[in-house]
Amino acid sequence: MVAKRPAVEIPVKIEKNQAEKDVKQLSKNMFKSFADIKAGFDLAAKGLSVLGSALGSVNKLAKESIKLAMTQQENERKLMQAANMRGKFTRQQFKDLQKLNSETQQATGIGDEYQLQMQAQMAMMGVSNDQLVKATRATIGLSEATGSDLNSSMRIVARTLQGNTSSLKRYGIQAKDSKEAMEMLLQNFEIAKDKSKTLAGQLKILGANFGDLQETWGMGVAKSDRVVTAFEAINNAVLRLNNFFASQQGAKLIDVWFKRLLLFGGKTLEVF
């Protein structure tokens, strides 16, 4: 049987070279499109990475600020309690003390929170309230003159104020009495203040001032009644939960839970 010719014939002519060029161009365009898409994804990934880093930094800064604020609160509490052991110590006296501590910070870069910590310790060691600022500055002066750390210097100053100047002789500081010794140490404090005129001194002061800024941020949380109340509620809930599991009823519940867990584990092993 002879096949019929189609009613309409459409001539088709394929140029081999042109087809190869078209395929290559198509491939090139596809790769370029994929490259553009990949570049877009890479850019988005970098953007998200930067955002994640920024959020992480903010979170870290917030945690540090709250921690600093809580440390400051604790130092203030200790000082108030210790100072009241040596006589009446009002909030106004505390504000006056903090003002002088701030001046010392701007001169030496030693943070006011650290000064409060030293002052609380000195008050507990018998230093009177009206001598706290001088004792603090004498401590800084002794540390400057001898190179010893502030804690060691603080203990020596506390003993000096009680009339014991023998510890100073180890550092070549000869004084006939505690009054003369304090005058010498306070002169050394003036030398320590000169560090504020150097770049290293200014950087230390900047660090202390930034710490104060973080404390201010953190105080908003640390002194919030709502936050304190919320954590009190959480602590009470945890305490009730602990008391429940420590009771006979709670012990039975734990026993049932472990038995069910072991039963589930056994059935799971049987399947395999």
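Let me begin with two helices in this predicted model: the axes of H4 and helix H7, which covers residues 178-193, come within 7 Å and cross at roughly 70°. Since angles of 65 to 115 degrees count as roughly perpendicular, H4 and H7 are therefore roughly perpendicular to each other. On the H4 side the residues that meet H7 include Ala 135, Ala 138, Ile 140, Leu 142 and Glu 144, while on the H7 side they include Met 182, Leu 185, Phe 189 and Ala 192. Sorted by class, the residues of this contact between H4 and H7 are ten nonpolar, two polar and three charged.

Now, what angle do H5 and H7 make where they pack? Helix H5, residues 150-161, packs with H7 at an angle of about 145°, and their axes are 9 Å apart. Val 157, Thr 160 and Leu 161 of H5 make this contact with Ser 178, Ala 181, Met 182 and Leu 185 of H7, and by class the contact has five nonpolar residues, two polar ones and no charged ones.

Let me turn to empty space. Rolling a probe the size of a water molecule over the atoms shows where such space is left. The largest pocket here has a volume of about 190 Å³, and helix H4, residues 132-146, and helix H8, residues 199-222, each supply at least two residues of its lining. Among the lining residues are Ile 140, Ser 143 and Glu 144, together with Leu 150, Ala 192, Ala 200 and Lys 204. By class, the lining of the largest pocket has five nonpolar, three polar and three charged residues. Ile 140, Glu 144 and Ala 192 link the two topics, since they belong to the contact of H4 with H7 and also line the largest pocket.

Note on methods:
Residues are numbered from 1 along each chain as its sequence is written. This is a predicted model: local features need pLDDT of at least 70, side-chain atom pairs count only at pLDDT 80 or more; totals for chains, interfaces and linings use all residues. Side-chain values use heavy atoms; hydrogens and water are left out. On a 1 Å grid over the protein atoms alone, a cavity is a set of points where a 1.4 Å probe fits but cannot get out, and a pocket is an open set with protein on both sides within 12 Å along at least five of seven lines; lining residues have an atom within 4 Å of a point. Grid points are joined across faces, edges and corners, and a volume is the space filled by probe spheres set on the points. Helices (H or I, at least four residues) and strands (E, at least two) are DSSP runs, numbered from the N terminus. Ala, Val, Leu, Ile, Met, Phe, Trp, Tyr, Cys and Pro count as nonpolar, Asp, Glu, Lys and Arg as charged, and the others, Gly among them, as polar. Axes are lines fitted to C-alpha atoms, for helices over the stretch in contact, and angles run from 0 to 180 degrees between N-to-C directions. Angles under 35 degrees count as roughly parallel, over 145 as roughly antiparallel, 65 to 115 as roughly perpendicular and the rest as oblique. Contact means heavy atoms within 4.5 Å.
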